[in-house]
Amino acid sequence: MQPFTQRVIEIIKTIPAGFVMTYGQIAEQVGSRRGARQVVRILHSLSGIHNLPWHRVVNAKGEIAMRDEEVRYMQIHYLNGEGVKTSGDGRVDLDKYRYNAVRAGED
DNA sequence: AGTGTGACTTGGG
DNA sequence: ACCCAAGCCACAC
């Protein structure tokens, strides 16, 4: 496993239930400010084989980014189960649920 | 070493 | 708020 990939995995593992992070945030946390798409690729390659809370990752608009309707539905289901309210369009309120790892550690 | 991938992000209209 | 175009970067082949 490559270091970058390993760090992304670690970051995602730190997202607490009831919160979400964006691809961009995760990329930033691992030191690659423009690496959002790498996070995407990694999640694809992992395909859930790890015990990752992949459903807590959304895009910068707070949208459920999944393309497969089936998996998309599952993600929304998981989030709802953790108390994250989703709009009819499958969006979450980032102002409410966005998890800031840095600030969480400092506060 | 070059090319393709991808569940993104940002800026402008 | 929505749509579009361009930029991004680590990884696999």
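Which element gives the largest share of the surface near DNA strand C? That share, three residues, comes from α3. The model is a predicted one, in which local features need pLDDT of at least 70, side-chain atom pairs count only at pLDDT 80 or more, and totals for chains, interfaces and linings use all residues. Residues are numbered from 1 along each chain as its sequence is written, chains are lettered from A and ligands numbered from 1 in the order in which they are written, and side-chain values use heavy atoms, with hydrogens and water left out. Helices (H or I, at least four residues) and strands (E, at least two) are DSSP runs, numbered from the N terminus.

To stay with strand C for a moment, the residues around it are Gln2, Phe4, Thr5, Ser32, Arg34, Arg37, Gln38, Arg41 and Arg91, a residue being near a strand if one of its heavy atoms lies within 4 Å of it. Of the atoms of DNA strand C that come within 4 Å of the protein, sugar and phosphate make up 68%. Three arginines supply polar contacts (a pair of N or O atoms within 3.5 Å; within protein, one must be able to donate a hydrogen and the other to accept it, and residues adjacent in sequence count only if both atoms are side-chain atoms). Arginine 37 has a polar side-chain atom 3.4 Å from a base oxygen of DNA strand C. The side chain of arginine 41 puts an N or O atom 3.2 Å from a sugar or linking oxygen, and that of arginine 91 has one 3.2 Å from a phosphate oxygen. The elements giving two or more residues to this surface are α1 (3-13) and α3.

On to DNA strand B. There are 17 residues around this strand, and Tyr23, Gln38, Arg41, Ala60 and Arg67 come nearest. Here sugar and phosphate account for 47% of the strand atoms that come within 4 Å of the protein. Two side chains go for the bases: tyrosine 23 has an N or O atom 2.5 Å from a base nitrogen of DNA strand B, and arginine 37 has one 3.2 Å from a base nitrogen. Histidine 44, on the other hand, places a polar side-chain atom 3.1 Å from a phosphate oxygen of the strand. Two or more residues of the surface come from each of α2 (23-29) and α3 (36-46), and α3 has the largest share, with seven residues.

Now for α4, which covers residues 69-81. The helix has 13 residues and spans 18 Å from its first C-alpha to its last, close to the 18 Å expected at 1.5 Å a residue (the expected span is 1.5 Å times one less than the number of residues). Arg72, Gln75, Ile76 and Leu79 are buried, where buried means under 20% relative accessible area, exposed over 50%, and partly exposed in between (1.4 Å probe, protein chains only). Seen down the axis of α4, the buried residues fall within an arc of 95°, so they line one face of the helix; the arc is that of the directions from the helix axis to the C-beta atoms. They pack against β2 (57-58), with contact meaning heavy atoms within 4.5 Å. The face turned away from the buried side carries the exposed residues Glu70, Tyr73, His77 and Gly81. After α4 comes glycine 83, with a positive phi near 95°.

Histidine 55 sits in the loop between α3 and β2 and counts as buried, at 8% relative accessibility. Not counting residues up to four places away in sequence, histidine 55 touches Gln75, Tyr78, Leu79 and Glu82.
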